[in-house]
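Please look over the following chain and its model before reading the briefing, which takes up the fold, the core and one cavity in turn.

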Amino acid sequence: MGPINRKPGVLGVITLTVALAMTGCANDRPVAEPSPGSSSASATMTPSATPTPSASPTTTPPATEPGTAPPPRSTAPSTTTAQPTSGKVGSYQTGFSYATGALPERWLSRTGWYASKGQGAEVFGDLAAFVDRDTTTNDRTLVVTTSGGDVLYRSPSLGLQQPQAVEPVLDRVRQNGREFVTFFQIGLPAQPGTGGGTGTPVAQLIVVDETGAASVVDDDVSHYRPRSTQDGGRALSFTSTDGSLEAQSGVAAGPDALDFMRVLDAETAQLERIPDLEGQQWLARIDGVDVYRAPRGATDPTTGQPVAIAGTREWSTTFHDHPSGSLTFGPTFMSTRQLDGTCEILDLRTGEPLIFEGAARGCAHPISVRVPSGSASSPNGELLLMHWSDEQGVDAQWVVDLTTGEQKKIDPASGFLPSTVSDAGDVYGGDAAGDRTGYLRFPDQMQPRFADGGRDPPAVINGQGLAMFAYEDLPTYFAVPVP
């Protein structure tokens, strides 16, 4: 356990893309997919520590014929699994109408399946995961499928009493560049002798990797309460409880309210003790990196403003400890608020600043806070939607490749507000009024094209084109792309 190396603040500034409140309206007639236009202004991101470039992206512009899927952005092989499947999911159908508005052209085959709203649904790698509910017994199980709806895995049932069971928790976890989903549930067995006896809760924690292979955590997790760190998609941590069902819900989340006891190592399916660092408080594990902060109470000697220290075992930085929040995490970086109102953006592994062209002020905020049906980053964590104000105070929307450093600006005159980016660079969103759905393709076609009508943008798109649509109280819908 070595000392923390403090480093001076660096002015780097980004903010994640602004909210997009889309309203779906019924439309029985297909709406033509907007064809991408020409590229607009671009700039290059130059991180201090230059990352090793991945496979070079293709430069072929996306197809403009209606119903034709755009070409893949990368020629890297898919991570689809060779595991045997066991048929389609129960709600899989073809040729039926989507429940809200019209689907974008790429998914107008109207082939896909529904998952219960509020139970949990995720897309990770080339797979989908959701919590399935038995309509007769109300039993919940985890289902993992391919992008075509073929079932790869269904978790074993605990046979829990209803309603003597807590709503299950489905999370997406990222560790060392790999994606996982975790499934936790706890409740009372329906009959004595099925896992601890009547009145004694039983629980299960299951981890599924990008190939669809599942592992059940061996530890007794009935005395832990799971809580995602940093808006999910990062790591799954646990707090200690007395084991009762009442302790599993209704407790405020966050590092200030909870005393984390364990953190899941998703790659080994093991629960680990929270790694200790003297004088520091553990905050989260982001892509496998443990992040800490110093306790509150320090002040800046010049301004008298509250300040604190955050970082890892290898590096740390000072930030403005603002009551409304000062720390935000991206897939592989941390944004901290500075006393002058700007932000410092640091690579989590190296502590080196990431410098973004045109970024003058503003701070990073996850799009999930503002757009429940959107995602600020691509499923693989490499492409990121950002927005910031330039030195003249003009807002600009950008797409950034965190692996290669390439970044390009979306035409400001278009009024386009992005909400979703795929691994392949497909970007969906809409205008500020929420009346039109727009589309562009990074990095070749940065001029968005809009379609009139109430088409709904997807919440996430994976490498195989599977899209997830999630709105309000309607069931989550997984849509298979047009062949």
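A contact here means heavy atoms within 4.5 Å, and of the contacts in the protein chain with a separation of 6 or more, 58% are between residues 24 or more positions apart. The model is predicted, so that local features need pLDDT of at least 70 and side-chain atom pairs count only at pLDDT 80 or more, while totals for chains, interfaces and linings use all residues. Residues are numbered from 1 along each chain as its sequence is written, and side-chain values use heavy atoms, with hydrogens and water left out.

**Fold**
- The protein chain holds one helix and 35 strands, taken as DSSP runs numbered from the N terminus (helices H or I, at least four residues; strands E, at least two).
- Of its 483 residues, 54% are buried, meaning under 20% relative accessible area with a 1.4 Å probe, protein chains only.

**Nonpolar core**
- The largest nonpolar core (buried Ala, Val, Leu, Ile, Met, Phe, Trp, Tyr and Cys residues joined through side-chain atoms within 4.5 Å) has 18 residues, and Leu205, Val207, Val217, Phe238, Leu264 and Leu271 touch the most other members.
- Strands β11 (178–189), β12 (202–208) and β15 (235–240) each supply at least two residues of this core, with the largest share, four residues, coming from β11.
- Leaving aside residues up to four places away in sequence, Val217 touches Leu205, Val207, Leu264, Ala269 and Leu271.

**Second largest cavity**
- Asp139, Arg140, Leu160, Gln162, Ala165, Val166, Glu167, Pro168 and Gln185 line the second largest cavity, a cavity being a set of points on a 1 Å grid over the protein atoms alone where a 1.4 Å probe fits but cannot get out, and lining residues having an atom within 4 Å of a point.
- Strand β9 (residues 160–165) gives the largest share of this lining, three residues.

Definitions and conventions: On a 1 Å grid over the protein atoms alone, a cavity is a set of points where a 1.4 Å probe fits but cannot get out, and a pocket is an open set with protein on both sides within 12 Å along at least five of seven lines; lining residues have an atom within 4 Å of a point. Buried means under 20% relative accessible area, exposed over 50%, partly exposed in between (1.4 Å probe, protein chains only).
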